[in-house]
Amino acid sequence: MENFRKVRSEEAPCGGGAEGGGPGSSPFADLAPGAVHMRVKEGSKIRNLLAFATASMAQPATRAIVFSGCGRATTKTVTCAEILKRRLAGLHQVTRLRYRSVREVWQSLPPGPTPGQKPSEPASLSVLKNVPSLAILLSKDALDPRQPGYQPPSPHSGPSSQPAAPTSKRSLGKPAAEEGSAKRSQPEVGAAEEERTA
């Protein structure tokens, strides 16, 4: 593909149903009308997504939020949902995994200039890819625990309920000399006495 460049990428039309669906279809059919839908993209900043999601969920009228991401954004989608679950205790979760068909259109790069030859029409190549798509519903209200992908709220009440892990060896009771720090080492007691007598 070194002689081609990507011109555009578009979602291929699907036949509908539970697995496919168009770009606007939601995997959660019975979602409340006031739910917030966060579309996570590869270049999205987690800080910005979470600031908006936290502010939205702080409003009493908002009862649910959906994080959805496709392709390379799936890991970022999971990260956003997990951080929000830690910030707001008591959220019920349902996760849905689907595959979306994406059509990429590539055009050939023009060859280098050749004297006396007329430039040719660039060739076009179309590639159909199935990429994973993830949607995570977080709800303040109880959800049906029998549906696939359900996770109940975590038993701990928030991030402060877990004991803080020690961050350095010194807090574990080990002396500073074992840390490998740049401090001057103290001479041993026996070595100092030998230097005085010599």
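Over how many bridges do strand S4 and S5 pair, and in which sense, parallel or antiparallel? Keep that one in mind while I set the scene.

What we have here is a predicted model, where local features need pLDDT of at least 70, side-chain atom pairs count only at pLDDT 80 or more, and totals for chains, interfaces and linings use all residues. Residues are numbered from 1 along each chain as its sequence is written, and side-chain values use heavy atoms, with hydrogens and water left out.

Okay, the overview. The protein chain has 3 helices and 6 strands. When I say helix or strand, I mean DSSP runs, numbered from the N terminus: H or I with at least four residues for helices, E with at least two for strands. Going along from the N terminus, the order is β-β-α-β-α-β-β-β-α. There are 198 residues in the protein chain, and 25% of them are buried. Buried means under 20% relative accessible area, exposed means over 50%, and partly exposed is in between, using a 1.4 Å probe and protein chains only. One more overall number: take the contacts between residues at least 6 apart in sequence, and 80% of them join residues at least 24 apart. Contact here is heavy atoms within 4.5 Å.

Now back to the strands. Two strands pair if DSSP finds at least two bridges between them. So here's the answer to my opening: strand S4, residues 92-108, pairs with S5 in the antiparallel sense over 16 bridges. If you want to find it on screen, look for Val102, whose bridge partner in S5 is Lys129, or Thr95, which stands opposite Ile136 in S5.

S4 has other partners too. Strand S1, residues 4-11, pairs with S4 over 7 bridges, in the antiparallel sense. Val102 turns up again there, as the bridge partner of Glu11. Then there's strand S6, just residues 150-151, which pairs with S4 over 2 bridges, antiparallel as well. In that pairing, Val94 has Tyr150 as its bridge partner.

On to S5, residues 124-139. Strand S3, residues 64-70, runs antiparallel to S5, and 7 bridges join them. Ile65 is a handy marker: its bridge partner in S5 is Leu138. Ile65 is also the bridge partner of Val36, and that takes us to S2, which runs parallel to S3, with 5 bridges joining the two.

Which residues make up the covered face of strand S2, and which the uncovered one? Val36, Met38 and Val40 are on the covered face, while His37 and Arg39 are on the uncovered one. In a regular strand the side chains alternate between the two faces of the sheet.

Next, a spot I'd like you to zoom in on: Pro132, which lies in strand S5. Its relative accessible area is 31%, so Pro132 is partly exposed. Leaving out neighbours within four places in sequence, Pro132 is in contact with Gly69, Cys70, Gly71, Thr74, Leu97, Arg98 and Tyr99. Cys70 is 62 residues away along the chain, yet the C-alpha atoms of Pro132 and Cys70 are separated by 5.8 Å. Arg72 and Pro132 are 60 residues apart in sequence and 8.6 Å apart in space, C-alpha to C-alpha.

Arg72 itself lies in the loop between S3 and H2, and counts as exposed because its relative accessibility is 67%. Thr74, in helix H2, has 17% relative accessibility and therefore counts as buried. Again not counting residues up to four places away in sequence, Thr74 touches Gly69, Pro132 and Leu134.

Last topic: the helices. How do H1 and H2 meet? The axes of helix H1, residues 46-58, and helix H2, residues 74-87, come within 10 Å and cross at roughly 45°. On the H1 side the contact is made by Ile46, Leu49, Leu50, Ala53, Thr54 and Met57, and on the H2 side by Lys76, Thr79, Cys80, Ile83, Leu84 and Arg87. Those residues divide into 8 nonpolar, 2 polar and 2 charged. For that split, Ala, Val, Leu, Ile, Met, Phe, Trp, Tyr, Cys and Pro count as nonpolar, Asp, Glu, Lys and Arg as charged, and the others, Gly among them, as polar. As for the angle, axes are lines fitted to C-alpha atoms, for helices over the stretch in contact, and angles run from 0 to 180 degrees between N-to-C directions.
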